[in-house]
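Me: I am new to this structure and would be grateful for a close look at a single part, namely the open sheet and what packs around it. Please give one connected account.

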Amino acid sequence: MNILVTGCNGQLGRSLQDLQASHPQFNWFNTDVEQLDITKPEKIERYIEGNKIDGIINCAAYTAVDRAEENETMALLLNAEAPAFLARAIEQRNGWFIQISTDYVFDGKKQSPYREDDETQPQSVYGKTKLAGEFNALKFCRQTVIIRTAWLYSVYGANFVKTMLRLGSERDEIGVVDDQHGTPTNAADLASAILEIICQGIKPGIYHYTNEGKTTWCRFAQQIMRYANLPCTVQPLTTDQYPTPAQRPAYSILDKSKIKNEYHIGIPQWQDSLKNTVQQLQTAHEA
């Protein structure tokens, strides 16, 4: 099976590459914009046909949530139109398509975990364009799996964990929002889940995947400091005290019953995965 991974230089793309050697039954085509511009449908079709691609994992996205408010055209192109181009092209080969989406498709006003069939009501350009990407993927490829995730971090790229470790080593005290509730998700765990789905076989539809448990950004930061043995104090802030151009969901805990029932995937607790990542980052830093 020939599998195309787009956005291979991002957190999830690199986490997927870490697992590819242990799945030699698949031929991997790892691409970023230099190898394949997913905003050009004719280039996508040539690449997919030329390499006889059987399935696509689309990890590429415009993820700068605040910048998207001023750059809606680019966010729309990468998050909504590109998935349509990819889905159309792989459908011509009767292939499958995995599209990564986000908790931002919800308004965050619910007080219990969001199910896949709950009403979507995105409050930001990022959320609206990602929801449009879901719609296009499902519309143009019959064998589409949408995976909504949240609060992604890893040992790669720029992310909340790395930022907190840097600030924690530079300052005695920081403030972090404490009234937004969700679940941190390790990109390596999500990558493992994606490979499990491919190995077991594509069952089209929308699924939710995050690590287990729930927290706030403030408590997430406090846990990072504890695992890193940093003396930095993390003070709670309200969203009003830390305004951003894009509105964040106040509550975005995702119900993962469907993916567990369909694929019997074991999901680690967020604290356990965070501890491993902090240790990895500290080991790499000391080296």
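**The open sheet and its surroundings**

Reply: Strand 3 (residues 55-58) and strand 4 (residues 96-102) run parallel and are joined by four bridges. Helices (H or I, at least four residues) and strands (E, at least two) are DSSP runs, numbered from the N terminus. The model is predicted: local features need pLDDT of at least 70 and side-chain atom pairs count only at pLDDT 80 or more, while totals for chains, interfaces and linings use all residues. Residues are numbered from 1 along each chain as its sequence is written, and side-chain values use heavy atoms, with hydrogens and water left out.

Within the pairing of strands 3 and 4, isoleucine 57 stands opposite isoleucine 98 in strand 4. Both strands belong to an open sheet of six strands, with parallel pairing and the order 2-1-3-4-5-10; two strands pair if DSSP finds at least two bridges between them. Strand 2 (27-30) and strand 10 stand at the edges with a single partner strand each, so one side of each has no neighbour in the sheet. From one strand to the next, the twist averages 20°.

At one of these edges, strand 10 pairs with strand 5 (residues 143-149) in the parallel sense over four bridges. Tyrosine 207 in strand 10 is the bridge partner of isoleucine 147. Strand 10 (residues 205-208) points Gly205 and Tyr207 one way and Ile206 and His208 the other way, and all are buried. Buried means under 20% relative accessible area, exposed over 50%, and partly exposed in between (1.4 Å probe, protein chains only).

Two helices that lie across the sheet strands come next. Helix 3 (residues 72-91) lies across strand 1 (2-6), strand 3 and strand 4, and runs at about 165° to strand 4. Helix 6 lies across strands 1, 2, 3, 4 and 5, at about 150° to strand 4. Such angles run from 0 to 180 degrees between N-to-C directions, with axes fitted as lines to C-alpha atoms, for helices over the stretch in contact. Contact means heavy atoms within 4.5 Å.

Glutamate 91 lies in helix 3. Why does glutamate 91 count as buried? Its relative accessibility is 19%. Leaving aside residues up to four places away in sequence, glutamate 91 touches Phe140, Cys141 and Arg142.

Helix 6 (187-200) also meets helix 9, as one of the elements against which the buried residues of helix 9 pack. Those buried residues of helix 9 are Trp270, Ser273, Leu274, Thr277, Val278 and Leu281.
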